[in-house]
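Please consider the following structure together with its sequence. The explanation below proceeds from the surface to residues in the interior.

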Amino acid sequence: APGQAEMYAGLQELGVANGEDLKETLTNCTEPLKAIEQFQTENGVLLPSLQYALPFLDLHGTPRLEFHQSVFDELREKLLERVSAIALEGKVEERYKKLEDLLEKSFSLVKMPSIQPVVMCVMKHLPKVPEKKLKLVMADKDLYKACAVEVKRQIWQDNQALFGDEVSPLLKQYILEKENILFSNDISFLQNFFSPSPKTRRQGEVVQKLTQMIGKNVKLYDMVLQFLRTLFLRTRNVHYCTLRAELLMSLHDLEISDICTVDPCHKFTWCLDACIREKFVDNKRARELQGFLDGVKKGQEQVLGDLSMILCDPFAINTLALSTIRHLQDLVGQDTLPRESPDLLLLLRMLSLGQGAWDMIDSQVFKEPKMEAELITRFLPLLMSFVVDDHTFTVDQKLPSEEKGPIPYPSTIPEAFTKFLQENRIACEIGLYYILHITKQRNKNAFLRLLPALVETFSDLAFSDIFLHLLTGNLTLLSDEFALEEFCTSLFDGFFLTACSRKENVHRHVLRLLLHLHHKVAPAKLESLQKALEPTKQSGEAVKELYNQLSEKLELRKPSPAEVTEAPSMELPLPTVPTPASR
């Protein structure tokens with residue numbers, strides 16, 4: 001049987017008798033019992049004192065197999081301990097020479113399940129397993145599976161395709177995990193995609209597995225970076241940029257200097273990581289980051305490709321954009337123009353480098369994108385004027401009203417603002433973050449004023465998953481406004497529904513929002529939304545599933561005549577009962 005053959009694999013090559021030999025002996029002998037006794041004497045444990053002990057065990061009914069098995073297990077444990085000890089003692093050349101000799105003697109038994117752990121342990125402790133042995137391991141699926149990651153690294157570093165097969169499912173899993181967070185049914189302005197700290201994110205399963213697979217091997221690290229660059233180019237998916245930064249910082253946490261010292265982005269990423277942790281770029285770190293960018297020497301421009309990928313990480317963009325909005329508000333208070341603020345110009349420079357990552361890696365032209373002067377001289381002052389409008393309106397409301405009545409909130413949007421959002425990527429990113437900022441401040445007037453500008457934006461950024469994930473979270477702060485027809489019409493008909501039919505992700509985000517806030521929406525509006533959001537034949541499973549969940553919730557809300565007059569029980573507060581608007 002194949003199982004039997006596996007059990008004794010390689011013993012014959014070492015001149016040790018196996019089951020086949022016993023079978024042959026018994027087939028060709030005249031006195032089987034004598035033959036068995038002779039086989040036991042020749043192949044048993046050669047210890048004189050055992051001659052008397054074994055019959056004693058027989059009297060106790062202990063099978064010889066059990067005895068030999070326990071001796072074997074004990075010896076194997078001792079041998080494994082000894083191998084690990086040899087790997088640490090004496091001079092380097094001597095210890096590895098011992099291990100190589102041991103491997104030479106034992107390798108023929110590598111397929112024997114009971115001896116395999118010893119052979120694998122010897123290979124694990126050898127920094128360079130002989131090429132011939134590695135090829136034999138690689139050619140056998142079971143052996144490859146059984147060997148330690150230390151041995152696999154030696155195989156992978158010369159077999160990019162095999163390493164790619166191992167890494168690929170992890171990268172798919174990583175992207176899926178990110179998308180699951182963005183589409184999560186838990187909507188909150190307190191907990192969102194950007195809430196976990198960088199250190200927490202690096203503890204994720206995929207980052208940890210990749211870190212372990214790479215070990216201290218620079219060649220494998222370079223291969224992973226190459227995979228990430230290629231996938232980023234192929235898909236434009238920015239989560240690969242996040243993984244690029246997380247992987248480097250995970251190796252930094254473990255103080256793997258073999259890799260960190262050769263990655264030219266290490267210190268820049270480390271400094272940026274601290275900013276991401278604080279969600280703000282302070283002056284000291286801004287100067288450090290600027291030093292790295294200014295320090296790119298002639299002939300080393302290729303490092304800009306890597307730096308741009310680090311800056312294209314959504315967590316970096318989020319930090320830079322939040323810092324930009326904060327700087328603009330400070331400038332309003334200081335009566336200073338954007339062009340007079342070096343810190344603000346540096347943030348724009350880094351945003352520009354991050355947003356230009358794909359083009360730079362695609363074109364292989366490594367130079368910083370040129371900043372458009374109008375962004376600084378026209379667009380940012382425009383945003384500051386919106387901040388001023390809010391201050392003016394607030395002050396106006398507090399002044400005693402005269403006959404002319406209260407001054408209305410400005411409702412028009414300067415045409416230039418809409419144009420910038422459509423044509424300039426950096427302006428669009430900052431504009432979207434400004435809208436998130438006013439929503440978080442519960443500034444309904446400013447939100448409704450600027451919302452129409454989001455229907456057409458650069459590369460449809462206003463309908464990207466990250467923006468919609470943050471917007472839906474912040475809209476929960478304006479939940480009481482959902483009872484108003486005007487607000488719902490502007491938000492749903494004027495914005496969301498304009499893209500639902502052509503963009504499945506928008507359809508999903510609207511359904512997520514309604515699942516969370518349906519009890520706040522006026523019944524008539526809710527009914528028309530339910531009709532408008534009905535999935536089509538082309539809709540994916542996720543949309544259908546969300547729509548069904550929403551329909552079930554709305555079905556449950558329809559009150560029966562008896563319930564209308566009855567007050568809800570105090571002991572079991574029903575989550576579906578709308579809470580009175582807190583005024």
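L33 is located in helix α3, which spans residues 32–43. In this predicted model, the relative accessibility of L33 is 71%. The residue therefore counts as exposed, since the cut-off is over 50%. L33 also belongs to a nonpolar patch on the surface, which it forms with L26 and I36. Together, these three residues have about 270 Å² of accessible area.

A contrasting case is S352, which is found in helix α21, a helix of residues 342–355. Is S352 buried or exposed? Its relative accessibility is 7%, so S352 counts as buried; the limit for this class is under 20%. When residues up to four places away in sequence are left aside, S352 touches P369, M371 and I426.

The final residue to examine is R512, in helix α29, which covers residues 504–517. R512 is buried, yet it has no salt bridge. How far away is the nearest side chain of opposite charge? That side chain belongs to D465 and lies 7.8 Å from R512. A salt bridge requires a side-chain nitrogen of Lys or Arg within 4 Å of a carboxyl oxygen of Asp or Glu. The side chain of R512 does, however, make a polar contact with the side chain of H509, at 2.8 Å.

The surroundings of R512 can be described further. Not counting residues up to four places away in sequence, R512 touches L182, F183, S184, N185, D186 and I187. Under the same condition, R512 also touches H469, T472 and L546.

Note on methods
Residues are numbered from 1 along each chain as its sequence is written. This is a predicted model: local features need pLDDT of at least 70, side-chain atom pairs count only at pLDDT 80 or more; totals for chains, interfaces and linings use all residues. Side-chain values use heavy atoms; hydrogens and water are left out. Helices (H or I, at least four residues) and strands (E, at least two) are DSSP runs, numbered from the N terminus. Buried means under 20% relative accessible area, exposed over 50%, partly exposed in between (1.4 Å probe, protein chains only). Lys and Arg count as positive and Asp and Glu as negative; His and the chain ends are not counted. A polar contact is a pair of N or O atoms within 3.5 Å; within protein, one must be able to donate a hydrogen and the other to accept it, and residues adjacent in sequence count only if both atoms are side-chain atoms. Contact means heavy atoms within 4.5 Å. Patches are made of residues with over 30% relative accessible area and no salt bridge: like charges are joined within 9 Å, nonpolar side chains (Val, Leu, Ile, Met, Phe, Trp, Tyr) within 5 Å. Accessible areas come from the Shrake-Rupley method with a 1.4 Å probe; for residues, only the protein chains shown count as cover.
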